[in-house]
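Colleague: Could you take me through this model and explain the words you use for it?
Modeller: Gladly, have a look here.

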Amino acid sequence: MGSAERTKKKVQLWKKAVVHFSLCFVMGFFTGFAPTGKDSIFSSPAVATHNKSHISQPPVNRSVTPAVHSSNVNRSLRAETPVPVPVPVPVLAKSNELESPKQVDGTVVHEVKLPSRRLVIVVTPTSTKDQFQGVFLRRLGNTIRLVPQPLLWIVVEGQSDSNEVSEILRKTGIMYRHLVFKENFTDPEAELNHQRNVALKHIEQHKLSGIVHFAGLSNVYDLDFFKELRQIEVFGTWPMALLSANERRVVIEGPVCDSSQVIGWHLRKMNNQTDAETDADTKPPIHISSFAFNSSILWDPERWGRLTSVQGTSQNSLKFVKQIVMEDEGKLKGIPPEECSKIMLWRLHFPIGVVPRNLVKTSSLFDVITQL
């Protein structure tokens with residue numbers, strides 16, 4: 001009996017060991033298939049907390065703008081990442097363009113005040129009979145493109161099959177309007193006046209607000225001229241030097257000024273031999289390129305103390321403008337204001353259809369200019 005009981009106990013011990021071994025084997029087998037990235041259900045919470053406390057975050061470079069985060073980055077870390085505050089860059093400007101400094105969130109900011117410029121409207125008539133029209137138009141365009149904006153160049157041309165003027169205007173990069181008329185003329189001067197009237201009608205209909213100046217193709221400018229032109233309020237005038245083809249002499253036309261007040265005029269005698277100076281009582285025929293006016297006089301004459309407009313007088317806008325310029329001589333402003341003593345506009349007189357004999361030898365004309 002004793003031996004039989006001991007045998008039963010041994011068998012039971014072996015059964016318990018086999019069962020225990022089998023359970024451990026099965027648990028270990030299935031534990032191997034469990035994901036390794038997450039905590040196991042058998043892991044201790046205390047151990048997990050202890051491990052997390054030793055994880056250190058990578059250092060953040062505060063001087064560099066953070067790059068785009070990938071999708072697998074912890075959002076809590078992304079929220080804690082410091083975002084650098086942009087520092088305002090100082091703007092260099094002239095002393096007269098800086099307003100009083102202002103403080104925005106504790107930072108001193110200087111606001112730049114951009115200068116406001118008046119629109120200059122340059123009107124240029126052309127003539128198909130002038131074989132140097134393209135050359136002079138390109139030269140004038142190269143001058144106008146150097147003038148600070150805003151500027152509008154209105155070029156008037158007779159109807160023709162050639163697109164030379166359009167091509168030249170497109171290549172200048174200037175804001176322009178190209179006007180075309182259909183009338184035929186035998187008198188070149190009458191044709192030019194008609195073109196100026198076409199431009200004035202366009203300004204009046206569209207109510208373009210600015211200072212109007214008639215620029216001939218043969219005009220040569222000092223760039224300071226356009227700066228002075230923007231200072232005109234109503235009417236302005238200036239002296240102009242006339243350089244004739246095949247001649248080595250200069251004729252001065254325009255006002256005689258006391259500061260910026262017109263007190264007389266430079267006039268040429270009919271024989272073109274000498275110059276004469278008249279007083280303010282004499283009404284000289286002012287040259288079309290030696291005066292400018294505020295364009296609002298065309299559609300808003302009451303603003304300047306006049307009761308009639310172009311429609312109420314005649315269809316000749318140019319004649320109307322010349323008339324009011326000479327009538328309101330007291331409102332004429334001479335430029336430059338230093339007694340109109342500086343020549344900023346030269347006119348090369350080439351009769352239309354006539355080729356100067358020494359056109360190639362242009363150095364003599366510019367030698368005369370430098371002697372002024």
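**Strand 15 and its surroundings**

Colleague: What makes you say that strand 15 is largely enclosed by the rest of the structure?
Modeller: Of the 5 residues in strand 15 (residues 345–349), 4 are buried, so the strand counts as largely enclosed. Buried means under 20% relative accessible area, exposed over 50% and partly exposed in between, with a 1.4 Å probe and protein chains only. Strands (E, at least two residues) and helices (H or I, at least four) are DSSP runs, numbered from the N terminus. This is a predicted model, where local features need pLDDT of at least 70, side-chain atom pairs count only at pLDDT 80 or more, and totals for chains, interfaces and linings use all residues. Residues are numbered from 1 along each chain as its sequence is written, and side-chain values use heavy atoms, leaving out hydrogens and water.

Colleague: How do you know that strand 9 and strand 15 pair?
Modeller: Pairing takes at least two bridges found by DSSP. Strand 9 (residues 240–244) has 4 with strand 15, in the parallel sense, and Leu-243 stands opposite Leu-348. Strand 7 (residues 219–221) runs antiparallel to strand 15, joined by 3 bridges; here Val-220 faces Trp-346.

Colleague: Why is Phe-33 called exposed?
Modeller: Its relative accessibility is 62%, so Phe-33 counts as exposed. Phe-33 lies in the loop between helix 1 (2–31) and helix 2 (45–52).

Colleague: How do you know that the span of helix 4 agrees with what it should be?
Modeller: The expected span is 1.5 Å times one less than the number of residues. For the 12 residues of helix 4 (residues 133–144) that gives 16 Å, and the end C-alpha atoms are 16 Å apart, so the two agree. Among its buried residues are Phe-136, Leu-137 and Leu-140.
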